[in-house]
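Here is a walk through one protein chain, taken a topic at a time. Keep the structure open as you read.

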Amino acid sequence: MLQKFNTHIVNNFPFLKDKRLLIAISGGLDSVVLHYLLSTLKFDISLAHCNFNLRGKESDLDEKFVNKLSQKTSNQIFIKLFDTNNFAKEHKLSTQIAARELRYNWFQELVKEHDFDYILTAHHADDNLETFLINLTRGSGLDGFTGIPKINGNIVRPLLPFSREEILEYAQKNNIEWREDASNASTKYTRNKIRHQVIPVLKEINPSLLSSFEKTMENLQESQQIIEDRIYNVSENIIQKDFSTALGITKLSINKIQQLLNPKAYLYQLLKEYNFTEWNDVYDLLTAQSGKQVFSNTHRLLKDRDFLILSKRDFSTIVEITLEIKEDTYEIKNPIHLTFEEVEQKLAENKQTIYVDKDLLKYPLIVRKWENGDYLYPTKMEGKKKLSKFFKDEKFSLLEKENTWLLCNADNEIVWVVNYRQDRRFSSNIATKNYLKIRAL
């Protein structure tokens, strides 16, 4: 297996040579063999072990084992203890998902702190098959059937072509010691049920199951590439990016999506990376009333007239901020960036720059979000207008309304709908003696 593994590395991961590698090591068969192989081939490796405190003394014995292993091979080791159960409860995650998040977050911290180039995990062919079957039972898109990626960012999985049987045989022939996790024998978890009860039956039906599965993976990955190419071409005509707001938004043309043969399938492919789960609700947005929304854990999708508007969810309390600005203030940076400068004359104005008559202002000025009942006297218009009507006439989306700031005087009268329209009550004119230039940056 050593020669086969070396050939696999040379052919598929030549970039690992002379790089600093961090191996995720549990003490179990797979990760210990990966460590042994790379040590034998003289790679520059360090070890990272997570003690999740889930199996009492057994977890502590795993930690002692990998510590002893690192001393024996003179490899640097990092060990971290986690309160996995509390983390899972706080974040409403399963124990397995919580452990995964803790593990990979810590690995990435180690990469930054110690300048590692890659993280190596010991996933193998049987893991790949198990993951495929788990996704099959849960109902997955094509992504769930294309297998564990060999390379995912800085995470590399060099054992994926090797079966658990090959790894075990190699360990036994070379008298390699490892720790057995008793929980792996339990059928309490879905993965173990599939490992112990489903896959043995499938291997009885097809003794070459892993080889056949590998071919299936290749076919599915090729199909996935065709889909990705198609989505890339289609998205250029559908998607518009807008980073003018703090959160940044993406607009998807409803009309152009509806012209496609299978809009629901395209929506899934266009939005799958944003963690939505209620795909029927997402599809229904195409024909919903403006203002209808669907949320994922990280993003919001809003129906607004002719577009679906995608933005990150803002969990801050920024909408509640009201800031008072004293007369001698020259700049504020939060919640928005404004500068105030007394000048001798009025120059060209634009959406980001206005000139007001300072003598007409009452201090302190106020920066706040809009409220029902707000109105302004827009420049270049007669009379006053409710701000809600102004938004409607200017075709503001709900997201644009939420991200609009007002600059008001001490009486709460609007001086400027920042970046959009000035109130003429405070505009400079021929009689103005003291000009105040206000810029939004």
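A quick word on labels before we start: helices (H or I, at least four residues) and strands (E, at least two) are DSSP runs, numbered from the N terminus. Also keep in mind that this is a predicted model.

## Two cis prolines

With those labels in hand, look at the loop between S13 and S14, which is where Pro335 sits. The peptide bond that joins Asn334 to Pro335 is cis, with omega at about 0 degrees.

There's another cis bond to find, this one running from Tyr363 to Pro364, and its omega is near 0 degrees. Pro364 belongs to the loop between S15 and strand S16 (365-369).

## The four-stranded sheet

S13, S14 and S15 turn up again in an open sheet of four strands, ordered S13-S14-S22-S15, with antiparallel pairing. Its edges are S13 (331-332) and S15 (353-357), each of which pairs on one side only.

Inside that order, S14 (residues 338-343) meets S22 (residues 435-440) over six bridges, again antiparallel. To get the register, find Glu341: its opposite number in S22 is Lys437.

The loop between S14 and S15 holds Gln352. With a relative accessible area of 37%, Gln352 is partly exposed. Try pairing Gln352 with Asp242: they are 110 residues apart along the chain, and 17 Å separates their C-alpha atoms.

## The six-stranded sheet

The other open sheet to look at has six strands in the order S3-S2-S1-S4-S6-S5, and here the pairing is mixed. Strand S3 (77-81) and strand S5 (151-152) are the edges, pairing on one side only.

At the S5 end, two bridges tie S5 to strand S6 (residues 155-156), and the two run antiparallel. Asn152 has Ile155 of S6 as its bridge partner.

## An acidic patch and two positive phi values

Which residues make up the negative surface patch? They are Asp18, Asp44, Asp115 and Asp117. Asp44 lies in strand S2 (residues 44-51), and its 41% relative accessibility makes it partly exposed.

Asp115, from the same patch, sits in the loop between H5 and strand S4 (118-120). It counts as exposed because its relative accessibility is 57%. Its backbone is worth a look too: phi is near 60 degrees, a positive value in a residue other than glycine.

Lys92 also has a positive phi without being a glycine, at about 55 degrees. You'll find Lys92 in the loop between helix H4 (84-91) and helix H5 (95-114). At 79% relative accessibility, Lys92 is exposed.

## A hairpin with a shared strand

S11 (residues 307-312) has partners to trace. Strand S8 (residues 249-253) joins S11 through five bridges, running antiparallel, and Ser253 is bridged to Phe307. Strand S10 (residues 299-304) also pairs with S11 in the antiparallel sense, over six bridges. There, Asp304 stands opposite Phe307.

S10 and S11 make a hairpin with two residues between them. In the turn, Arg305 has a positive phi of about 50 degrees.

## Salt bridges

How many salt bridges are there? The count comes to 22. One of them joins Arg55 to Asp62, where the closest N and O atoms are 2.0 Å apart. Arg55 is partly exposed, at 24% relative accessible area, whereas Asp62 is buried at 7%.

Arg421 and Glu394 also meet in a salt bridge, at 3.7 Å from N to O. This pair links distant parts of the chain, 27 residues apart: Arg421 is in strand S21 (residues 421-422), and Glu394 is in the loop between helix H13 (387-393) and helix H14 (398-402). Is Arg421 buried or exposed? Arg421 counts as buried because its relative accessibility is 19%, and the cut-off for buried is under 20%. Glu394, at 40%, is partly exposed.

Then there's Arg425 with Asp423, their closest N and O atoms 2.8 Å apart. Asp423 is buried, with a relative accessible area of 0%, while Arg425 is partly exposed at 25%. Elsewhere, salt bridges that share partners join Asp126, Asp127, Glu130, Arg164, Arg191, Arg195 and Lys203 into one network.

Terms used:
Residues numbered from 1 in each chain as written. Predicted model: local features only at pLDDT ≥ 70, side-chain atom pairs only at ≥ 80, totals over all residues. Heavy atoms only, no water. Pairing = 2+ DSSP bridges. Patch = residues over 30% accessible without salt bridge, like charges linked within 9 Å, V, L, I, M, F, W, Y side chains within 5 Å. Areas by Shrake-Rupley, 256 points an atom, 1.4 Å probe, with all protein chains shown as cover. Salt bridge = Lys/Arg side-chain N within 4 Å of Asp/Glu carboxyl O. Lys, Arg positive; Asp, Glu negative; His and termini not counted. Charge placed at Lys NZ, Arg CZ, Asp CG, Glu CD. Buried < 20%, exposed > 50% of the residue type's maximum accessible area, 1.4 Å probe, protein only.
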